[in-house]
Amino acid sequence: MKLLLWTLLLALLLPALPTQAYYNVIMSWAADPNVRYHNGFYYWTHATGNKIFINKSKTLTGIGLSTQRPVYTPQSPYNNAVWGAELIPYNNKWYIYYTADNGQNVNHRIFVLESEGSDPMGPYTLKGRVYDANNDYWAIGPNMFQYNGKLYLIWSGHADGSTSVCVKQNTYIAELTNPWTVNPNKSRVQISTPNQPWEINYDIHPNCQNGKGVQESHEVLIRNNKIFVVYSSNHSLTDDYKLGMIWMSTANNQDPLVASNWQKYTPAGASSPQPVFSKNAANGVYGPGSHSFTTSPDGTEDYIVYHAAIVSGSQWYRNGRTQKFTWDANGFPSFGVPVSTSTNLALPSGETDDAYGAVERYWDSAIGWTLDPAGGTAAVSGGQLHLASNNGSHSNMMKNIAPSGGFSLDFRARVTDFAGSGVPQNDKNSLGTKVSTGYVRLMVSVQSDGIYAITANSNGDWVKVYNMAIDSNWHDYYIRVGKSDIANLYIDGAAAKAANWPLPVNAESPRIAHWVAGTSADAAEAYVDHTIVRSEFYSDHWDSITADWEANSQGTIEINPGGLLHMANATGVASSIKNERKDAAPAGPYVYEFKAQITDYSSSATTESLATKIVSDNKRMMLHIESDGLYVKTATSGGNWVKVYSLTGDPDHQWHVWRVEANHGTGQAKAFKDGVELASWTMEEFGWNPSNEAQVHPGIHLWTKGTTADPSEVYIDWMRVYSGK
């Protein structure tokens, strides 16, 4: 009894463990998100108008952090308006269905790719166009499924070859003899048509007397002795885009090719069919549609992944979201309502924050890591990781997580006993370090005569990437891997990179590791002070202005010989540089850091010494640094700068590291200078303005603005944006 009372008392006194959670949005600037879970990874397949990409991620909610990798580029003439890519497994291979036209919309058709092996990442080859030879008309949104040992394709199509914008998009089904061939003995069957008021739009094409009826982007669920086909309806340009559903019973092996076996879903108590998922103005969610279905990592929960308008009225400016759905007592899916982007949602069952691959370990302990001395030493003491080997084996530590996309590796180490010099060997490696993402692998070795790596071009062999004499003192190693899978090495804080090389493709499970290997004649010993791995959306050390960035022609914007971004302005029109790549801005909580020196402050009300912003979906983080303080734009400042922190004394022309922690879910942001928190605020939101579409482009911007009488000048050493998870 006493034990029970003490247990209850402790439960009351101890603080509750924090709930692991996420916020929608999970994909910035995303449309038609197709997500599959396979062998421990999520695969997000998507088309961008002229190419098809796949992102591979250990997590569903972190899939927006992963790197998009091109898997196929459609060739002329059918390489226009490439839409709605769908990844589907069949017979130990993968198939990607997509649609494209030859520049004329009436010729939009369905195509399918086949993987060469069993890897969803491909490579892929085109199997051909998929069509019913007797009804070869406009077609989009294909989805293939298996039932009773047969293959079926379901899609959105036109009844005939009409070029009218008013023609209905009906739901068709056909039997396949293989994933790329419609059974020539069985023509397509129309199993549904948009005849409900909520399926028809009257605004986009006002000249259509009966409106524009739409059923598209079909996805199939088979469960509870039923086949469900969930489709998008109304019009994708509008806030009223939504999901409807048709279904058929599989009792008595009913035939999907019999139209009368299908019916539109009518909820209990309703007198007519109703949508199953639609806008929710109270939650600020508009135009939810173009969905797919997947599960939690442990398979115990079902999730819908969908896109929605960034803000009301933003038309085809959309982002990707996900939420759990359930099943009702009658065996039908229950999707609920789209949740607000400010709603704190529990992570999918089996997913942990660790799976994001972010690691910040100052070696005060080895909790969560696997230490394998292998007859040598692998231990943590005195705030350092100690590795030693003299028996030819690897003394190592590792952790089975890593980022799924661009990342940075930062470690501080000293090698006190080098296992010789020259190319590392299996039994001689002074200090090896590895980060495997599940798609590419970073392998780097610190030797006495320089830095070695295994590159995409070295056929698995170690090659020297940087020549220098390395002593036994402490050194800082920073390696940045961008979304192009190029590693960039910086040593001891140098502004200019020491080396760069392409990473090899390697499907090893996500892992971070340090190791040493030495022999009795040539032992190895090293100490590591800290190991930090971050999942980065974007970073730059300004060795050059890459193609990702666009600079205007005002004032001075250049990279100086020291590898610094130099901006100066006296024109009254800002000197600005921006990166609006669709994958540059974060899709979740993020940290934005940059190291800057303001050498000339402008001080008038219309100038800006150093300003920066990040646009992430419907939130804008706006920050402006002046000699007298820190200014931001908030949710209530009406688009005006407001001071949130005052600086006193003479203008400071020193280097400082600025940091912003932002969460688009809560809308909150915090600013730090050299690690000290200065201020917090609620970020600016915005509505849709068709005359200024640029406002919703996700991206990173930096600028300075001065005048002839009051010029401005700033230098930036580096900047990075990484996951706040």
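These are my notebook entries on a predicted model of one protein.

**Entry 1: confidence**

I began with the confidence values, as I like to know what I can lean on. The mean pLDDT of the protein is 90, and 94% of its residues reach 70 or more. I then looked at residues 1-19, where the pLDDT is below 50. Beyond near neighbours in sequence, that stretch has zero contacts in the model. Where pLDDT is low, predicted coordinates should not be read in detail. I left residues 1-19 out of the close reading, given their pLDDT below 50.

**Entry 2: overall build**

Next I looked up the whole chain. How many helices and strands does the protein have? I found one helix and 55 strands. For the overall dimensions, I noted that the C-alpha trace spans about 80 × 75 × 70 Å along its principal axes. I also checked the radius of gyration: the protein has 28 Å, and this agrees with the value near 27 Å for a compact globule with 725 residues.

Burial came next, and 56% of the 725 residues are buried. The exposed area is about 28,500 Å², with carbon and sulfur atoms supplying 47% of it. I looked at sequence separation too: among contacts with a separation of 6 or more, 61% are between residues 24 or more positions apart.

**Entry 3: the disulfide**

I searched for disulfides and the structure holds one. Which cysteines does it join? It joins Cys166 to Cys208, with an S to S distance of 2.0 Å. The pair links distant parts of the chain, 42 residues apart. Cys166 sits in the loop between strand 11 (150-157) and strand 12 (170-178), while Cys208 sits in the loop between strand 15 (200-201) and strand 16 (212-213). The angle about the S-S bond is -90°, and the link is left-handed.

Are the two cysteines buried or exposed? I got one answer for each. Cys166 counts as partly exposed because its relative accessibility is 28%. Cys208 has a relative accessible area of 5%, so I wrote it down as buried.

**Entry 4: strand 55**

I then followed strand 55 (residues 712-723), which is mostly covered, with eleven of its twelve residues buried. Which way does strand 45 (residues 590-600) run against strand 55, parallel or antiparallel? The answer is antiparallel, over ten bridges. Phe594 has Met719 in strand 55 as its bridge partner.

Strand 43 (residues 565-569) also runs antiparallel to strand 55, and five bridges join the two. Here I noted Leu565, whose bridge partner in strand 55 is Ile716. Strand 40 (residues 524-540) pairs with strand 55 in the antiparallel sense over four bridges. Asp540 has Met719 as its bridge partner in strand 55. I underlined Met719 in the notebook, as it turns up as a bridge partner of Phe594 and of Asp540.

**Entry 5: Trp549**

Met719 led me to Trp549, since Met719 is among the residues that Trp549 touches. Where is Trp549 found? It lies in the loop between strand 40 and strand 41 (550-551). Its relative accessibility is 5%, so Trp549 counts as buried, the cut-off being under 20%.

Not counting residues up to four places away in sequence, Trp549 touches Tyr538, Asp540, Trp542, Ile577, Lys578, Asn579, Ile700 and Met719. Asp540 and Met719 in that list are the bridge partners from the pairing of strands 40 and 55 that I noted above. Finally, I compared Trp549 with Tyr37: they are 512 residues apart in sequence, and 34 Å apart in space, C-alpha to C-alpha.

Methods: Residues are numbered from 1 along each chain as its sequence is written. This is a predicted model: local features need pLDDT of at least 70, side-chain atom pairs count only at pLDDT 80 or more; totals for chains, interfaces and linings use all residues. Side-chain values use heavy atoms; hydrogens and water are left out. pLDDT is the predictor's confidence in each residue, from 0 to 100. Contact means heavy atoms within 4.5 Å. A disulfide is a pair of cysteine sulfur atoms within 2.5 Å. Buried means under 20% relative accessible area, exposed over 50%, partly exposed in between (1.4 Å probe, protein chains only). The radius of gyration is taken over C-alpha atoms; the globule rule is 2.2 Å times the number of residues to the power 0.38. Accessible areas come from the Shrake-Rupley method with a 1.4 Å probe; for residues, only the protein chains shown count as cover. Two strands pair if DSSP finds at least two bridges between them.
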